[in-house]
Amino acid sequence: MISVTPGITALEYAQRRSRLASKLPKDGVALLAASELKFRSGPVFYEYHQDSDFFYLTGFNEPEAVAVIRKATSDGDHVFHLFVRAKDPKVEQWEGSRSGTQAALDVFNADETGDIKDIERNLPKIIGDASEVYTDASPSTPTSAFARLLSSRSPPKSEGLAKILDQATVKPLRNILNDLRNIKSDAEVANMRKVGQASGRAFTEAMRQAWTTEKDLHAFLEYSFKRKGCDTSAYVPVVAGGKNASQIHYVRNDDVLLESDLVLADAGGEYGNYITDITRTWPVSGTFTPPQKDLYNAVLATQRACISLCRANASNSLDQLHQTAEGMLKESLSQLGFDMSGDALETLFPHHLSHYIGLDVHDTPGQSRKTPLVAGQCVTVEPGIYVPDTDRWPGGFRGIGIRIEDSICVQEEHPLVLTTEAVKEVDDIEALRS
């Protein structure tokens with residue numbers, strides 16, 4: 001079957017919409033808007049990225065679009081409306097091709113379509129008598145893409161829709177979509193394995209080479225992701241040498257790399273809108289010093305143990321895995337001479353061990369970390385130690401920051417590591433430069 005987007009067929013998109021519709025009441029409506037094009041300055045725009053919920057249900061990857069899914073019966077039967085930009089040769093000469101309304105029917109399998117310019121006239125007819133409207137984008141939320149869409153029209157035209165939404169029973173869509181998106185299909189896992197493999201190989205190639213600046217390593221990783229088959233980078237990479245690694249989201253990436261330091265790189269590619277998330281830390285010189293190796297192995301042992309628990313039959317939640325990591329790191333650091341009293345652990349390991357991944361780097365926002373993991377969830381495992389350069393800590397370890405992160409798919413009996421091509425054992429890292 002032909003894919004609508006890389007790896008995801010029209011049938012899978014239709015099944016997603018059916019599953020959503022099955023969770024709505026009869027005559028209930030789900031209303032979603034595409035992301036807007038964002039501008040850096042004047043007419044200079046950023047690379048476009050679709051709203052992940054909208055993409056998950058439609059596969060449509062253009063701005064100025066609205067999707068409406070209306071449940072028709074008590075089961076999953078529904079009507080799928082997709083409003084998009086009409087074809088316009090003059091505009092397309094400047095901005096590139098548009099799919100248009102015919103493709104909304106033929107390619108994206110909408111039951112009904114229309115020009116987005118007519119949304120104010122057509123949408124009230126669809127949702128006017130809805131039993132409930134589920135949306136995370138409404139005129140009452142000024143920051144939403146849909147509110148901005150409304151505000152771009154003249155007030156008399158949008159007034160009818162605003163009045164309908166004000167009078168309707170409006171509920172958030174987020175929790176329903178989180179439950180759907182949190183469990184990945186085989187096709188989604190295959191996409192995430194593909195991007196994990198490509199990104200992991202880029203990391204290993206980077207570790208083979210000598211680097212003198214953060215920006216050069218940054219550029220190499222982003223180039224390598226695309227060269228190996230990714231569409232783009234999933235997020236702005238962290239490339240942090242020496243003490244910069246203690247800044248968790250350091251993204252300046254403009255410092256020099258010293259031979260005596262470690263470099264921490266947190267980066268990943270994106271493929272078909274699915275992402276991967278990898279962090280590796282390695283010696284700029286190619287060889288760990290004894291303190292660097294001791295601290296690195298403490299983090300690595302913790303990561304290995306936590307990854308082994310990313311299976312459904314272990315019945316662990318992400319919060320429980322975090323507690324496991326805290327216990328192991330505290331014990332290892334005590335053995336290395338750290339005074340772990342008071343707030344020591346919070347200072348040295350200030351972030352959570354894990355987050356969900358998928359279409360977003362921090363996927364399904366608001367999803368609980370307290371519920372046991374189930375097969376099909378994809379998560380990161382990323383313990384780290386960041387030692388401030390103060391006399392509170394043992395001398396040989398001051399100023400060192402280490403994080404090791406992989407992307408994992410939870411399975412029933414064992415974890416599937418999606419990023420295994422990025423080497424992380426001390427001997428393997430050092431062998432790359434020997």
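Here are a few short exercises on this predicted model, each with a worked solution.

## Exercise 1: The salt bridges of Arg-181

Find the salt-bridge partners of Arg-181, Asp-53 and Asp-363, and work out where each residue sits in the chain.

**Solution.**

Step 1. Start with some background: side chains of opposite charge can pair when their charged atoms come close. In this structure there are 28 salt bridges.

Step 2. Take Asp-53. Its side chain meets that of Arg-181 in a salt bridge, at 2.5 Å from N to O. Arg-181 belongs to helix H8 (residues 174–182) and Asp-53 to helix H2 (residues 52–58), so look 128 residues along the chain to get from one to the other; the pair links distant parts of the chain.

Step 3. Now take Asp-363. This residue also forms a salt bridge with Arg-181, and here the closest N and O atoms are 2.6 Å apart. Asp-363 is in the loop between helix H13 (344–348) and strand E17 (378–381), 182 residues apart from Arg-181.

Step 4. Buried or exposed: which word fits Arg-181 and Asp-363? Buried means under 20% relative accessible area. Arg-181 has 3%, so Arg-181 counts as buried. Asp-363 has 4%, so Asp-363 is buried as well. Asp-53 is buried too.

Step 5. Put the pairs together. Salt bridges that share partners join Asp-53, Arg-174, Arg-181, Lys-184, Asp-360 and Asp-363 into one network.

## Exercise 2: A salt bridge with other surroundings

Classify the two residues of the salt bridge between Asp-254 and Arg-252 as buried, partly exposed or exposed.

**Solution.**

Step 1. Check the pair: the N to O distance between these side chains is 3.4 Å.

Step 2. Bring in the cut-offs: exposed is over 50% relative accessible area, and partly exposed lies between 20% and that value.

Step 3. Arg-252 comes out at 61%, so Arg-252 is exposed. Asp-254 comes out at 47%, so Asp-254 is partly exposed.

## Exercise 3: A sheet of three strands

Work out which strands stand at the edges of the sheet made of E12, E13 and E16.

**Solution.**

Step 1. Remember that strands of a sheet pair through backbone hydrogen bonds, either parallel or antiparallel.

Step 2. Write down the order. This is an open sheet that reads E12-E13-E16, with antiparallel pairing.

Step 3. Count partners. Strand E12 (238–241) and strand E16 (278–283) each have a single partner strand, so these two are the edges, and one side of each has no neighbour in the sheet. From one strand to the next, the twist averages 10°.

Step 4. Zoom in on one pair. Four bridges hold E12 and strand E13 (residues 262–267) in the antiparallel sense. Val-238, for instance, has Asp-266 in E13 as its bridge partner.

Step 5. Look for what lies across the sheet. Helix H10 (residues 214–227) lies across E12, E13 and E16, and runs at about 150° to E12.

## Exercise 4: The two partners of E7

Find the strands that pair with E7 and give the direction of each pairing.

**Solution.**

Step 1. Strand E6 (residues 66–71) pairs with E7 in the antiparallel sense, over six bridges. In this pair, Lys-71 stands opposite His-78.

Step 2. Strand E8 (residues 112–115) runs parallel to E7, and four bridges join them. Here Phe-83 has Gly-114 of E8 as its bridge partner.

Step 3. Check how covered E7 (residues 78–84) is: six of its seven residues are buried.

## Exercise 5: Two positive phi values

Locate Glu-64 and Ser-315, and say what stands out in their backbones.

**Solution.**

Step 1. Recall the usual case: most residues other than glycine have a negative phi.

Step 2. Glu-64 has a positive phi of about 55° although it is not a glycine. Ser-315 also has a positive phi, near 55°.

Step 3. Place them. Glu-64 sits in the loop between H2 and E6. Ser-315 sits in the loop between helix H11 (290–308) and helix H12 (318–335).

Step 4. Check the surface. Glu-64 is partly exposed at 42% relative accessibility, and Ser-315 is partly exposed at 46%.

Terms used: Residues are numbered from 1 along each chain as its sequence is written. This is a predicted model: local features need pLDDT of at least 70, side-chain atom pairs count only at pLDDT 80 or more; totals for chains, interfaces and linings use all residues. Side-chain values use heavy atoms; hydrogens and water are left out. Two strands pair if DSSP finds at least two bridges between them. Axes are lines fitted to C-alpha atoms, for helices over the stretch in contact, and angles run from 0 to 180 degrees between N-to-C directions. Contact means heavy atoms within 4.5 Å. A salt bridge is a side-chain nitrogen of Lys or Arg within 4 Å of a carboxyl oxygen of Asp or Glu. Buried means under 20% relative accessible area, exposed over 50%, partly exposed in between (1.4 Å probe, protein chains only).
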